[in-house]
Amino acid sequence: MQTKDDSWCSNKKVPAAQIRIVRSSLKQSQISYIRIHHRSTRSSHQEAQYLHTEYCRFTILTLLERLTPRARGSLLVYLIVIPTHNPLFPFNLCSLLAMASSSPKRLLDLIAYVDNVPLNFEADCHPYYRLYLAPDPRPHGYVHPDTIARMPWPASFSIDHKEQTVTLAAPPQGSSNFSAYANASFQEAIDSAIDKDIFPILHQEHSEPFRIVGAREPVQLERFAAPLFGIACRGAHLTGYVRAPDGSIQIWVARRSKSLFTYPGMLDSTVAGGIKASHSPLDCILAEAMEEACLPEELVKSQVRAVGAVTMANRNPRNGLMHSDIIYVYDLELPADVVPTPGDDEVETFILMGCEEVRQRMLAGEFKPNVCPVMIDFMVRHGELTAESEQDYAEICQRLKRRIPVPTTPE
């Protein structure tokens, strides 16, 4: 391979980004490996490596959007390009860098960041394998090829590489308990994967059971394993708020503990949690409200309002895993003298913010990404975002309620 600087990799709109491209053929090529260095000071050095070719475009945009214009001055991107006759994701790097040169300034960008799976994914999900629970003809998940290759599949699963499907066979003749059979099959695969430490996402530990949404009979698998099988995950978020003397809304925002494994120190919904297989969304809210915010169950149960759901389909740019989200949203108007208080080690503190401050801090990247659509949905429902004040209003409303590519009901 030869290193070459040419007009293809230079763009005056992005003077801060320094790019070196190692390539053998530019026209017939695909990115096979990305290595990104970010040096904010001479002594600090952060490196991220991404191996999945089909996610390069989103990865580059995501990483650059998270950097301030000044920080981009110390960004060095190496793209190793290899020849191929069938590129999975051809793209123009110049246009991507131009797009990324200005950080997201629209609420719609915050939704698109977490809802990044195409709307036609159900019909065209390449390179993922559809997950079937026989005899149900509907796909209940989408499994990445790496997972297909590395998962220690029990004999109850069959893989069809030509059709790109993975199917849990119907129970053996004479067995009438599909739930027990299916649960045992998934658990056998997960147990083996944990024992052999195959997937980092499992952290070599077990987690609470999540329901496979839309299955004809109750089927569950462990929470950490849900993205490996590409199923829809259920979550519940409660937005606690108060009315100021002038009538304006102020939201109680949680700051996540800095010791958390995911998104430490970032801003979050007042109360939020994943819904266990045996729980309803309200069960989750009542439990989490007490555990995370010390809000009495009697108060929450009598005053909370179920106000709908936000749906998303996400493809993780770091590992390529895809899953859908169904987030059930709840509102709770609190008396002025009721103050949420951290009740466990997951929340550091609660901060009261006006809607405009929430908006600005979302755009500044201070919020956990999947919380942003929940906050935007709250603002839409309470008239804080309107067609008159928000240019993307109609599309925002549509994106918050997108169709996800898996069934949500048994039939």
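This report covers helix 5, the two nonpolar cores and Cys-372. The model is predicted.

**Helix 5**

Helix 5 runs over residues 178-195. Its 18 residues should span 26 Å at 1.5 Å a residue, and the end C-alpha atoms are 26 Å apart, so the two values agree. At the start of the helix, a side-chain oxygen of Asn-177 comes to within 3.3 Å of the backbone nitrogen of Ser-179. After the helix comes Asp-197, with a positive phi near 50 degrees.

Buried residues of helix 5 include Phe-178, Tyr-181, Phe-186, Ala-189, Ile-190 and Ala-193. Polar residues are among the buried ones too, including Asn-183 and Ser-185. The buried residues of helix 5 pack against these elements:

| Element | Residues |
|---|---|
| strand 6 | 129-133 |
| strand 8 | 157-160 |
| strand 9 | 165-168 |
| strand 11 | 220-222 |
| helix 6 | 226-229 |

**Two cores**

The largest nonpolar core has 33 residues. Met-151, Phe-186, Ile-212, Leu-221, Leu-228 and Phe-229 touch the most other members. Strand 6, strand 9, helix 5 and helix 6 each give two or more residues to this core. Helix 5 gives the most, with 8 residues. Beyond its sequence neighbours within four places, Met-151 contacts Ala-189, Ala-193, Phe-199, Leu-228 and Phe-229. A second, separate core of 32 residues includes Ile-251, Leu-363, Cys-372 and Met-375.

**Cys-372**

Cys-372 lies in helix 10, residues 372-381. Its relative accessible area is 3%, so Cys-372 is buried, the cut-off being under 20%. Outside its neighbours within four places in sequence, Cys-372 is in contact with Leu-110, Met-362 and Phe-367. The C-alpha atoms of Cys-372 and Leu-107 are separated by 8.4 Å, although these residues are 265 residues apart along the chain.

Key: Residues numbered from 1 in each chain as written. Predicted model: local features only at pLDDT ≥ 70, side-chain atom pairs only at ≥ 80, totals over all residues. Heavy atoms only, no water. Helix = DSSP H or I, 4+ residues; strand = E, 2+ residues; numbered from the N terminus. Expected span 1.5 Å × (residues − 1). Buried < 20%, exposed > 50% of the residue type's maximum accessible area, 1.4 Å probe, protein only. Contact = heavy atoms within 4.5 Å. Polar contact = N/O pair within 3.5 Å; in protein donor to acceptor, adjacent residues only side chain to side chain. Core = buried A, V, L, I, M, F, W, Y, C linked by side-chain atoms within 4.5 Å.
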